[in-house]
Amino acid sequence: MLKNENIEKLKKMNKLAELGGGLEKINKQHEKGKKTARERISYLLDANSFQEFDKFVLHDCHEFSMDENVYYGDGVITGIGKINGKDVCVYSQDFTVIGGSLSKMHSAKICKIMDIAIDNLIPIIAINDSGGARIQEGIDSLAGYGEIFHRNVKASGLIPQISVILGPCAGGAVYSPAIQDFIIMNKHNSFMFVTGPKVVNEVIHEEISTEDLGGAKVHSIKSGVANLVSENEGEALDFVKTILRYFPSNYKTFAPCYNNFQYNQNDIMLNILPDNNNKPYDIKKIIYNFLDDDSFFEISKDFGKSAIVGFGLLEGQSVAIVANQPLCLAGVLDINSSNKIAKFVRTCDCFNIPIITFEDVPGFMPGSVQEHGGIIRHGAKVLYAYSEATVPKITFIIRKAYGGAYIVMNSRHLGANYVAAWPTAEIAVMGASSAAKIIFKADDSNDVENDKLLKEKEKLYDDSFLNPYKAAQKLYIDEIIDPSHTRMKAIKLIKILKNKNRNLVLKKHGNIPL
């Protein structure tokens, strides 16, 4: 029979472990506007659902007076819980314990919970707040990172992996989030960089602030590393809950479908497009009108802004949306938007989320900056991702569908299951003005110089090719539809395609043009 003193000792030990680095450091964390590691888990998970592992783990480093710097849990909290009833594994780094630095035991705890996630096919949520490798442990800490990275790769495509950056994430630590499916940063206290500002200054004599080097703004706009940026920690953790709303727990199950959807949109599809086909418009108006009410959740909205990607519900069914955005660069595909689309399509394909594409693309971005930056390679990622995807793939051609960009945006030629065009669609190699100058130039150079005659020839090309009927005649599109039927068509096709055969050619793996 247990004695009272045993129970009392357990209670005392639990309280001690739950204090992390102590009240003074907890208060400092709060003063910075940051929650503690335990508070973050409590906020994220359903009430009373958290099952903690390895609460009393201690590091085993004896060098550099580390014997005097020992805390239960060793700077990371790990366990299993639920988010909106869905099982998840989670780990949360504790900055109050030696700056959340990663030691051999810290890593072992993370690897253990990742193994549980992989073995049981449930999502893994990583909450990062760490000063990096624990230097006192030398190569042990580097080995620890390597073990985590290896599990990130094993988990990739098996289970959703989401990383929330709520403090520093530097050096080797950045590569674990980089391998995961989504990275969420907080606008005010999240930082990611391979090399910090001090070392940058020492090595290449560049002076730069922490914010300008690796803040949330930089990574959401310039690098594209961050998929979502929050105003505060609560919103960052809410983003995790929202993402999981659209995802199954693993690659074996279908994307979720909910019964309690609402759709009260007025049919404004016919009124969205401007009369002039060269005028911009906001593709999001079409997306909002297409999806269930208030269900669109955009990803990477400040990066590669000539394309839109995100999740939504279609009669309660979770779907992925990819669209060109005519409001930005006329909707062209450039390096950033190509990378954004390719990563998103591959992520959705991993987890059986149907992909719906709204196409209005005049081509790839021209110029030496794009060519020298590798637009050929990056554009190829889009066609590779769409070609490889086995989920239901539906495309609606809204307006322009020109050249190679027409092909890569989930065309019939890349395996789309259904391609429909609005009557406004223009499916051609290029626009009328450019085409007329090339086709008719050889006839009579003087005529080409004549604006009136050139306009007539532009109209001839326009009438002959800039419509969806040529493509329909050749089986390249399945249907020309009334815009007001777009939602109805997609709902019907998603239901039909949900159980499509996904047998793949047996091979080790393809070689995407990275």
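How are helix 4 and helix 5 oriented relative to each other, roughly parallel or roughly antiparallel? The close-ups below come from a predicted model, and the opening view takes up that question.

**View A. Helix 4 packed with helix 5.** Residues 104–120 make up helix 4 and residues 139–155 make up helix 5; the two pack at about 10°, with 9 Å between their axes. Angles under 35 degrees count as roughly parallel, so helix 4 and helix 5 are roughly parallel. On the helix 4 side, the contact takes in Lys104, Ser107, Ile110, Cys111, Met114, Asp115 and Ile118. Facing them from helix 5 are Asp140, Gly144, Tyr145, Glu147, Ile148, Arg151, Asn152, Lys154 and Ala155. Sorted by class, that contact holds seven nonpolar, three polar and six charged residues.

**View B. The largest cavity, with helix 5 in its lining.** This one holds about 100 Å³ of space. Helix 5, strand 3 (86–93) and strand 6 (168–170) each give at least two residues to the lining. Look for Ile110, Tyr145 and Ile148 among the lining residues; these three also sit in the contact between helix 4 and helix 5. The rest of the wall is Tyr91, Gln93, Leu102, Asn128, Ser130, Pro168, Cys169, Ala173 and Ser176. No charged residues here: the lining is eight nonpolar and four polar.

**View C. The second largest cavity.** Two cavities of 30 Å³ or more turn up in the model, and the second largest has about 60 Å³ of space. Its lining consists of Phe254, Ala255, Gln317, Asn352, Pro354, Pro392, Ile494, Lys498 and Arg502. That breaks down into five nonpolar, two polar and two charged residues.

**View D. The second largest pocket.** Here there's about 390 Å³ of space, lined by 21 residues. If you want to find the middle, Leu228, Val229, Phe239, Lys301 and Asp302 lie nearest the centre. Helix 9 (216–221) supplies the largest share of the lining, four residues. Helix 10 (233–246), helix 12 (283–290), strand 9 (228–230) and strand 10 (297–299) each chip in at least two. By class, the lining has nine nonpolar, four polar and eight charged residues.

**View E. Helix 13 against helix 15.** Helix 13 (residues 335–350) and helix 15 (residues 375–388) meet at an angle of about 20°, their axes 8 Å apart. This pair is therefore roughly parallel too, and the crossing is left-handed. The contact counts nine nonpolar, four polar and four charged residues. Helix 13 residues in it include Ile335, Ile341 and Val345, while helix 15 brings Ile375, Val382 and Tyr384, among others.

Conventions: Residues are numbered from 1 along each chain as its sequence is written. This is a predicted model: local features need pLDDT of at least 70, side-chain atom pairs count only at pLDDT 80 or more; totals for chains, interfaces and linings use all residues. Side-chain values use heavy atoms; hydrogens and water are left out. On a 1 Å grid over the protein atoms alone, a cavity is a set of points where a 1.4 Å probe fits but cannot get out, and a pocket is an open set with protein on both sides within 12 Å along at least five of seven lines; lining residues have an atom within 4 Å of a point. Grid points are joined across faces, edges and corners, and a volume is the space filled by probe spheres set on the points. Ala, Val, Leu, Ile, Met, Phe, Trp, Tyr, Cys and Pro count as nonpolar, Asp, Glu, Lys and Arg as charged, and the others, Gly among them, as polar. Axes are lines fitted to C-alpha atoms, for helices over the stretch in contact, and angles run from 0 to 180 degrees between N-to-C directions. Angles under 35 degrees count as roughly parallel, over 145 as roughly antiparallel, 65 to 115 as roughly perpendicular and the rest as oblique. A crossing is left-handed if the near helix is turned anticlockwise from the far one by less than a right angle, and right-handed if clockwise. Contact means heavy atoms within 4.5 Å.
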